[in-house]
Amino acid sequence: MNAPVRNTNVQLMNGNHAVAWGVRLLSPDVAPLYPITPQTPILEKLIDFQSQDVLSTRLLTPESEHSAMAGAIAASATGARVFTATSSQGLLLMHELLHYAAGARLPIVMFNVNRTPAAPWGFWPDQIDSLSQRDTGWIQLYTETPQESLDTTIQAFRIAEACEMPVMVNHDAFYVSHAVEPVEIPDQEMVQNFAKKPDRSLWLETGSIRSIGTPIGQAGWNETRREMDVAMQRVVGLTEEAGRVWGEQTGRHYGPLDFYRTDDAEVVFVTMGSMAGTAREAVDTLRRNGVAAGLIRVRLFRPLPISGLRAALAKIPTAIVLDRNYSPGLGGVLHQELKAELYGMENAPRMHGMLAGVGGVNVPPETLEKLVIDYKDAEQSQSPIWVD
Amino acid sequence: MKDTGFNDQGHFCSGHNACAGCAEALAMRVVLNEVGEDAIGVVAPSCVAIILGAHPNNSAKIPFIHGTIESAAASAAGVKQALIAQGKNDTTVLCFAGDGGTYDIGLQSLSSVAERNEDILYVCFDNEGYMNTGGQKSSSTPRAAATGSTPLGKTTRKKNMVEILAAHRIPYIATASTSHMGDLAEKVRKAKAIRGTKVLIIIIPCLPGWGVADDAATKVARLAVETGVFPLFEIEDGVKYTMSVGEKTKEIGSYLELQKRYRHLDDEGREGLQAEVNENWERLAEIAGK
Ligand SMILES: Cc1ncc(C[n+]2csc(CCOP(=O)(O)OP(=O)(O)O)c2C)c(N)n1
Ligand code: SF4
Ligand SMILES: [Mg+2]
């Protein structure tokens, strides 16, 4: 194994600028972008890099996110490596095209900053924007820190291109997008070797008449979904592999799931995104007070790493799922997914679905500690619980 | 045989899916032949997408991305940017859409592409309605025409798309008709040689949509030009107008009587339409300096 390339280039930056740095290091061919709070600093930083001549990507600024994604799709179909970024209303405006991009098997990488959708208007961290896109065929990753956002942006290209599926990486509005932390900027040559652009043959090119998206019969359409199923089954492994190789290069290891003090845990939080930081603090306090608490952070949400989750949760009596999102009539989306994935499993934990931080409200570690005390020995909750 | 001013290179194949007698297939033939093989196409859901064929067929000799209806122009810009990133600056990006995809649902993205002067050749096949969905009105449907959603005749006039485009000051806009094939071919050649956003709007009498006989599409298209209903002209840089056919030689009745979509009209209705055509023509002639 090669020793990690130790890099001393550490700069203070927020999560969005870290994403822009990831894009800069890889300089994809084309990036159509449309501004929206709180994604805008990604766009502005990329424009800034371009004006300094340190980014060779062709940036397009069309009139809407809809056209940004249409341009991204067409450019990717023409063989370009493509990045875009959005949030909330912008992501929702793209909805029709998200299905298209996945169906056409285009390895576009998009960064989404999780924000509440209207109505009413709000600009707050909440993951319902991307979670409501879960059936479009995009791989979804959720990050916790600016460093992870930079690292994951690069890993996303490797994953997307290996299975020819688009990847959406998400971080929480403000808590990550605007939080300033020291971020190590990896070596550009290392990054470019890590995510080498593969040769692709099935795309639009002159001299060929092969087309994309052409109307097709029932059996042909059905076949496309079966092929997507095969591709999706590779994603957990690809995410593991990308995180492992990245770890070898940088010393920062990632996987589909992130475990914290789960080995002998009797109760765990399961969550995604920045909530994990708060949960980690709560775990440490609980441990100091003699409660065997732990944390599982779901980094890869689509496809969900089922066997990893089953293996981890089989040993743990209680799981408290923290959802910073609310699906009306249902509850928390992660909670619903976990219930489905663990159905029928022997020794499944008692699960409690907590609607914690919906709309960006603050959830301090003490609140999470109290949840553990209140629920660790309780019967499984039937309905989701709103956390005050 | 009469010289059509157009030399078929076989870039549009037989076996396509147009209704027998449809002028749209003819228009596609001329455009694809003049554009040649160093091109990538974008097509919006519309008759033209159906005519190109279902998977795995393609009646054109260039590849197409069958995109979404409201983003034809945005998609074309994406293809162009990818080609530039690959150093293929000279490859033509050809965009095919219907009038619904141009005047209505795709207007926003087309306006943005025109404002940015993206280097694409955009062709609108204007059959004055949503024919792929069975013949409803679009904002290109003319006043009085009956459609599935305007069974008593549309009460408002056809949107003046050419003037909207001209206001963007793009380098080239032209109207064309398969009845004037040499003129159409010449306009495609001219547009292809220009860098920036070029838009061609071609009038396509739709056989079922307009209630036109199977053998009358080109005849109706010719009458649209000769009556001044659909004048042929070019606009360079949004300001320099040039009439391609400088005279209006026929009354509107000869055009209307070949189409079932106008059969409910009485004399007064026909006179109203004639007055509208006269007014439009005079305005255009004045701008064009005739
Ligand atoms: C977002 C969306 N809405 C509706 C449709 C259905 N649709 C397909 S083609 C079409 C009409 C197209 O009309 P036009 O652009 O004039 O083309 P034509 O069929 O007349 O050639 C419509 C409404 C669609 N494909 N996408
Ligand atoms: S419906 Fe009309 S425009 Fe479409 S192919 Fe048939 S005749 Fe041509
Ligand atoms: Mg139409």
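How many residue pairs are in polar contact between chain A and chain B? The count is twelve, with both residues of each pair at pLDDT 80 or more. A polar contact here is a pair of N or O atoms within 3.5 Å; within protein, one must be able to donate a hydrogen and the other to accept it, and residues adjacent in sequence count only if both atoms are side-chain atoms.

## Before you look around

This is a predicted model, in which local features need pLDDT of at least 70 and side-chain atom pairs count only at pLDDT 80 or more, while totals for chains, interfaces and linings use all residues. Residues are numbered from 1 along each chain as its sequence is written, chains are lettered from A and ligands numbered from 1 in the order in which they are written, and side-chain values use heavy atoms, with hydrogens and water left out.

## Where the two chains meet

On chain A, 35 residues are in contact (heavy atoms within 4.5 Å) with 37 residues of chain B. Together the two chains bury about 2,600 Å², and carbon and sulfur atoms give 64% of that. Buried area is the accessible area (1.4 Å probe) that two parts lose on being put together, summed over both. Of the area that chain A buries against chain B, 19% comes from Arg58(A), Thr78(A) and Thr206(A), more than from any other three residues.

Now for the salt bridges: the rule finds zero of them across this interface. That rule asks for a side-chain nitrogen of Lys or Arg within 4 Å of a carboxyl oxygen of Asp or Glu. On the side of chain A that touches chain B, the elements giving two or more residues are β3 (58-60), α3 (65-77) and α5 (95-103) of chain A. Helices (H or I, at least four residues) and strands (E, at least two) are DSSP runs, numbered from the N terminus. The largest share, eight residues, comes from α3(A).

## Charged pairs inside the chains

Look at the whole structure and you get 40 salt bridges over all chains. One of them pairs Glu144(A) with Arg297(A), the closest N and O atoms being 3.1 Å apart. Glu144(A) sits in the loop between β6 (139-142) and α7 (146-163) of chain A and Arg297(A) in strand β11 (residues 293-298) of that chain, so the pair ties together parts that are 153 residues apart in sequence. Both residues, Glu144(A) and Arg297(A), are buried; buried means under 20% relative accessible area, exposed over 50%, and partly exposed in between (1.4 Å probe, protein chains only).

Arg252(A) and Asp151(A) form another salt bridge, with closest N and O atoms 2.6 Å apart. This one also links distant parts of the chain: Arg252(A) is in the loop between α10 (235-250) and β9 (257-260) of chain A, and Asp151(A) is in helix α7 of chain A, 101 residues away. Arg252(A) and Asp151(A) are both buried.

## Around the magnesium ion

Over in chain B, the magnesium ion (ligand 3) is coordinated by Asp99(B) (OD), Asn127(B) (OD1) and Gly129(B) (O), at 1.9 to 2.1 Å. Donors are N, O and S atoms within 2.8 Å of the metal (3.2 Å for Na, K and Ca); water is not among the atoms, so sites may look incomplete. Along the chain, these donors follow the spacing D-x27-N-x1-G. Asn127(B) and Gly129(B) are buried.

Between them in the sequence comes Glu128(B), which has a positive phi of about 60 degrees although it is not a glycine. Most residues other than glycine have a negative phi, and most peptide bonds are trans. Glu128(B) counts as buried, at 3% relative accessibility, and its side chain meets that of Arg261(B) in a salt bridge (2.8 Å, N to O).

Ser138(B) is another residue to find here, in the loop between β4 and α6 of chain B. Its side chain is joined to that of Asp99(B) by a polar contact of 2.7 Å. Ser138(B) counts as buried, at 0% relative accessibility.

## A covered helix and two cis bonds

Helix α9 (residues 217-226) of chain B is mostly covered, with seven of its ten residues buried. The cover includes α1 (23-35), β5 (172-177), β6 (198-203), α8 (207-210) and α10 of chain B.

Two peptide bonds are also worth finding. The one from Ala118(A) to Ala119(A) is cis, with omega near 5 degrees. A cis bond also joins His55(B) and Pro56(B), where omega is about 5 degrees.
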